[in-house]
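Student: I would like to go through this model one question at a time. Please show it first.

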Amino acid sequence: MSLEFIKVDKQYEEHIALIQLNRPKELNALNLQLMGEIRDTLKELDSDDSVRAIIITGNEKAFAAGADIKQMAGKTAIDMLNIDQFSTWDQIKKTKKPLIAAVSGFALGGGCELCMHCDMIVASETAKFGQPEIKIGVMPGAGGTQRLTKAIGKVKAMEMVLTGKFISAEEAQGAGLINKVVPVDVYLSEAVKLAKEVASMSPVAVKLAKEAVLESFNTSLDEGLVLERKNFYLLFAGEDQKEGMQAFIEKRKPNFKGK
Ligand code: CAA
């Protein structure tokens, strides 16, 4: 696969893959090709057994300043319908392995929405999150109105979506949007640390646990509990459950194989 707008390091660290958005002059604005490259890369990494966690990052100035406004500006509603850009996002949403966003600088519009497609978010003190689409006469389209509201609640989400105001990393952490705020020189290494912690767990348990947590956004409590229980029982079919519990009993570190 030839990649123009992202860089991919499949083994950035053992079991950790890194995707770096790479349109620095445009503040990593998310054009259609870039999003397609992320989608195809995630699909490939998701089926690669050597990868247990995936980090998505940008650069110090920008994680991503949103969808590419210049690419969208002249489009009609029918063009947008036919391009169907959000089907790419629907595929990204299906990634089964844990995704961690390592964010510095601007995470705006589609950039903020891409963060929210990730399972955890580590940010530098300089990070700024926002859904400023309202300022250019539109509104979030890649899940911002839904995921932001679920993450930080109605009134804060409403303020961000209706005024386009940015929030700092510190505010984002206080509001429950992100996991961690760290100095700018360590945001990537802190994301790697978190990814490694997750990658040291049973990959199959991580996958089924992620599925169950995400299901809570779509289902009633009872339906979610049914899936949780099925996934819990399913793990007893695997070697990792035997290994994890035996290691506990023997007071040693487990050696998970994802089986
Ligand atoms: N699309 C296209 N180009 C963008 C862009 C975007 N979203 N954001 C920045 N750029 C480009 C700028 O046009 C500029 O290019 P030129 O040098 O060719 O003029 C370059 O990146 C650098 O940007 P600025 O000069 O504006 O940098 P700044 O530091 O002065 O400002 C900023 C930074 C506040 C992030 C400002 O660039 C900005 O407001 N960007 C747009 C943010 C936005 O509205 N995002 C939402 C997009 S719509 C969306 O995302 C829909 C959705 O839900 C999927």
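**Reading the model**

Tutor: At 69% relative accessibility, Ala-237 counts as exposed, because exposed means over 50% relative accessible area, buried under 20%, and partly exposed in between (1.4 Å probe, protein chains only). This is a predicted model, where local features need pLDDT of at least 70, side-chain atom pairs count only at pLDDT 80 or more, and totals for chains, interfaces and linings use all residues. Residues are numbered from 1 along each chain as its sequence is written, and side-chain values use heavy atoms, with hydrogens and water left out.

Student: Between which two helices is Ala-237 found?

Tutor: Helices (H or I, at least four residues) and strands (E, at least two) are DSSP runs, numbered from the N terminus. Ala-237 and Lys-259 are 22 residues apart in sequence, with 9.0 Å between their C-alpha atoms. The loop that holds Ala-237 runs between helix H11 (221-235) and helix H12 (239-249).

Student: Which residues come nearest to the ligand?

Tutor: A residue is near a molecule if one of its heavy atoms lies within 4 Å of it. There are 23 residues around the ligand. Those that come nearest are Ala-67, Ile-69, Lys-70, Gly-110 and Glu-113.

Student: Which element gives the most residues to the shell around the ligand?

Tutor: Three elements each supply at least two residues of the shell: helix H2 (69-72), strand S6 (106-108) and helix H5 (110-117). With three residues, the element that gives the most is H2.

Student: How many residues of the shell around the ligand are charged?

Tutor: Asp, Glu, Lys and Arg count as charged; Ala, Val, Leu, Ile, Met, Phe, Trp, Tyr, Cys and Pro count as nonpolar; the others, Gly among them, are polar. The shell has 12 nonpolar and four polar residues. Its charged residues number seven.

Student: How much of the ligand's accessible area does the protein cover?

Tutor: Start with the polar contacts, which are pairs of N or O atoms within 3.5 Å. Oxygen atoms of the ligand lie 2.9 Å from a polar side-chain atom of Glu-133, 2.9 Å from a polar backbone atom of Ala-67 and 3.4 Å from a backbone N or O atom of Lys-25. On its own the ligand has 990 Å² of accessible area (Shrake-Rupley method, 1.4 Å probe), and the share covered by the protein is 65%.

Student: Which helix supplies the largest share of the largest nonpolar core?

Tutor: A nonpolar core is a set of buried Ala, Val, Leu, Ile, Met, Phe, Trp, Tyr and Cys residues joined through side-chain atoms within 4.5 Å. The largest one has 43 residues, and Ile-38, Phe-63, Val-103, Leu-114, Phe-129 and Leu-177 touch the most other members. Five residues of this core, its largest share, come from helix H1 (residues 32-46).

Student: How many residues are in the other core, the one that includes Leu-18?

Tutor: This core lies apart from the largest one. Among its members are Leu-18, Ile-100, Ala-102 and Tyr-187. The number of residues in it is 17.

Student: Is Cys-115 buried or exposed?

Tutor: Cys-115 is found in helix H5. Contact means heavy atoms within 4.5 Å, and, not counting residues up to four places away in sequence, Cys-115 touches Phe-63, Ala-101, Val-103, Ala-107, Ile-121 and Phe-129. Its relative accessible area is 1%, so Cys-115 is buried.

Student: What is the relative accessible area of Gly-109?

Tutor: Gly-109 sits in the loop between S6 and H5. Leaving aside neighbours within four places in sequence, Gly-109 is in contact with Gly-66, Gly-130, Gln-131, Pro-132 and Glu-133. Gly-109 is buried, because its relative accessible area is 4%.

Student: What is the phi of Asn-28?

Tutor: Most residues other than glycine have a negative phi. Asn-28 lies in the loop between S2 and H1 and is buried, with a relative accessible area of 0%. Although Asn-28 is not a glycine, its phi is positive, at about 60°.

Student: Is His-15 buried, partly exposed or exposed?

Tutor: His-15 is found in the loop between strand S1 (6-13) and S2. His-15 also has a positive phi, near 70°, in a residue other than glycine. With a relative accessible area of 22%, His-15 is partly exposed.

Terms used: A polar contact is a pair of N or O atoms within 3.5 Å; within protein, one must be able to donate a hydrogen and the other to accept it, and residues adjacent in sequence count only if both atoms are side-chain atoms.
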